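Please look at the sequence and the three-dimensional structure shown here before reading on. The briefing is meant to be read slowly, with the structure kept in view.

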Amino acid sequence: MSKLPAALAHLPFPVIGSPLFIISTPKLVIAQCIAGVVGSMPALNARPAEQLEEWLIEITETLAAYNKAHPDKPAAPFAINQIVHKSNDRLEHDMAMCVKYKVPIIITSLGAREEINEAAHSYGGVVLHDVINNKHAHKAIEKGADGLIAVAAGAGGHAGEKSPFALIQEIRQWFDGPLALSGSIASGGAVLAAQAMGADFAYIGSAFIATEEARAAQEYKECIVSSNSDDIVYSNLFTGVHGNYLAPSIVNAGMDPHNLPESDPSKMNFGGDKSKAWKDIWGCGQGIGAIDKIQSAGDFVAQLKREYASAKARLA
């Protein structure tokens with residue numbers, strides 16, 4: 001049994017919605033939390049930077065009002081994702097806003113920095129760091145992260161190459177804290193499987209793109225519904241970091257998804273003017289074969305819960 005901090009110990013359902021660059025906004029985050037899963041968004045989705053404070057006010061006040069009206073069924077907590085990379089010149093400002101509004105969960109990516117963890121801990125926040133291998137997992141915990149997100153093969157957007165079986169197994173040999181698994185999870189059965197492997201939570205992103213609350217183009221959502229794992233391409237061309245993308249979007253951008261050049265990792269770019277990701281090149285994981293319709297985030301979570309219960313019943 002993992003040692004879970006209070007913010008994660010009593011989730012209505014063991015799922016964390018992953019932060020979706022450009023796509024996640026307060027509308028989706030709030031819907032996820034009310035449905036009983038952790039809702040999250042990247043701080044960088046708020047543009048200009050001043051908008052982040054407006055969004056944090058909207059999320060905290062809306063969830064507080066919901067919890068007051070539903071004391072017997074409170075919403076799940078929310079999370080803000082911080083890109084802890086030297087290219088992010090907003091990190092100090094965005095983290096200050098998270099401290100001001102006491103964001104319950106901070107998700108850190110692309111770097112582990114002690115001062116970010118300390119800032120979250122100053123008000124009782126929990127830090128989850130995403131990793132693609134065991135080496136990075138050790139480093140994150142050594143620098144003060146409270147928990148880990150194991151980003152295994154098949155995850156949408158930036159993703160690793162490790163099998164989830166190998167990655168979870170290696171981390172659990174030494175770490176008994178909060179652990180989420182990311183990689184091709186889009187059904188309730190997959191959520192249960194993640195727990196069976198040793199994870200506390202499933203980390204789901206791509207499936208939430210095909211929800212009504214997601215700020216994604218209708219064509220993007222429809223492409224997810226009509227695609228499967230054969231339509232996913234793994235490349236580092238678009239940001240300098242390897243990730244999974246929908247092949248049809250690469251074709252639409254005038255490129256051959258099966259003949260993409262390698263990018264220089266030292267020139268990382270996260271959605272700026274020099275990169276088509278993520279607006280034109282659509283990030284997506286391999287699990288989308290389970291997504292057959294566009295629906296509300298609440299309905300999707302309800303579906304996950306039914307599938308989860310059915311999977312448990314089959315094993316009983």
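What follows is a tour of the structure by topic, beginning with the sheet and ending with contacts between residues that are distant in sequence. Please keep in mind throughout that this is a predicted model. Its sheet is an open one of eight strands with parallel pairing, and a search of the whole structure finds one cavity of 30 Å³ or more.

**The sheet**

- Reading across the open sheet, the eight strands come in the order β1-β9-β8-β6-β5-β4-β3-β2, and their pairing is parallel.
- The edges of this sheet are formed by β1, residues 15–17, and β2, residues 39–42, each of which pairs on one side only.
- On average, neighbouring strands of this sheet are turned by 25° against each other, when the direction is ignored.
- Strand β8, which covers residues 179–182, runs parallel to strand β9, residues 201–204, and three bridges join the two; within this pair, S182 stands opposite Y203 of β9.
- Strands β3 and β4 also pair in the parallel sense, here over five bridges, and the bridge partner of I83 in β4 is S109.

**Strand β4 and its surroundings**

- Five of the five residues of β4 are buried, so this strand is largely enclosed by the rest of the structure.
- From β4, the residues I105, I107 and S109 point one way, while I106 and T108 point the other way, and all of them are buried.

**Helix α2**

- Helix α2, made of residues 26–35, lies across β1, β2 and β3 (78–83), and it runs at about 160° to β2.
- Because eight of the ten residues of α2 are buried, the helix is largely enclosed by the rest of the structure.
- The buried residues of α2 are P26, L28, V29, I30, A31, Q32, C33 and A35, and they pack against the strands β1, β2 and β3 as well as the helices α3 (51–69), α9 (206–209) and α12.
- A general point helps when looking at any such element: an α-helix has 3.6 residues a turn, so residues three or four places apart point the same way.
- After α2 comes G36, which has a positive phi near 105°.

**Backbone details in the loops**

- As background, most residues other than glycine have a negative phi, and most peptide bonds are trans.
- The peptide bond that joins R47 and P48 is cis, with an omega of about 5°, and P48 lies in the loop between β2 and α3.
- K102 is a residue other than glycine with a positive phi, near 50°, and it is found in the loop between α4 (91–100) and β4 (105–109).
- K102 counts as exposed because its relative accessibility is 52%, and the cut-off for exposed is over 50%.
- S184 is not a glycine either, yet its phi is positive, at about 65°; this residue is placed in the loop between β8 and α8 (188–197).
- With a relative accessible area of 32%, S184 is partly exposed.

**The cavity**

- The largest cavity has a volume of about 60 Å³.
- Its lining is made up of A207, A210, T211, A290, I291, D292, K293, Q295, F300 and Q303.
- The residues of this lining divide into five nonpolar, three polar and two charged.

**Contacts across the sequence**

- V126 is found in strand β5, residues 126–131, and it is buried, with a relative accessible area of 5%.
- Although V126 and P5 are 121 residues apart in sequence, their C-alpha atoms are 7.5 Å apart in space.
- If the neighbours within four places in sequence are left aside, V126 is in contact with P5, A7, L8, P104, I105, I106 and D146; I105 and I106, both among these partners, are buried residues of β4 that point opposite ways from that strand.
- G283 lies in the loop between α11 (247–252) and α12 (297–315), and it counts as buried because its relative accessibility is 8%, where buried means under 20%.
- The C-alpha atoms of G283 and A155 are separated by 9.4 Å, while the two residues are 128 residues apart along the chain.

Technical notes:
Residues numbered from 1 in each chain as written. Predicted model: local features only at pLDDT ≥ 70, side-chain atom pairs only at ≥ 80, totals over all residues. Heavy atoms only, no water. Helix = DSSP H or I, 4+ residues; strand = E, 2+ residues; numbered from the N terminus. Buried < 20%, exposed > 50% of the residue type's maximum accessible area, 1.4 Å probe, protein only. Pairing = 2+ DSSP bridges. Axes fitted to C-alpha atoms, helices over the stretch in contact; angles between N-to-C directions. Contact = heavy atoms within 4.5 Å. 1 Å grid on protein atoms, 1.4 Å probe; cavity = no way out; pocket = protein on both sides within 12 Å on 5 of 7 lines; lining within 4 Å. Points joined across faces, edges and corners; volume = space filled by probe spheres on them. Nonpolar A, V, L, I, M, F, W, Y, C, P; charged D, E, K, R; others polar.
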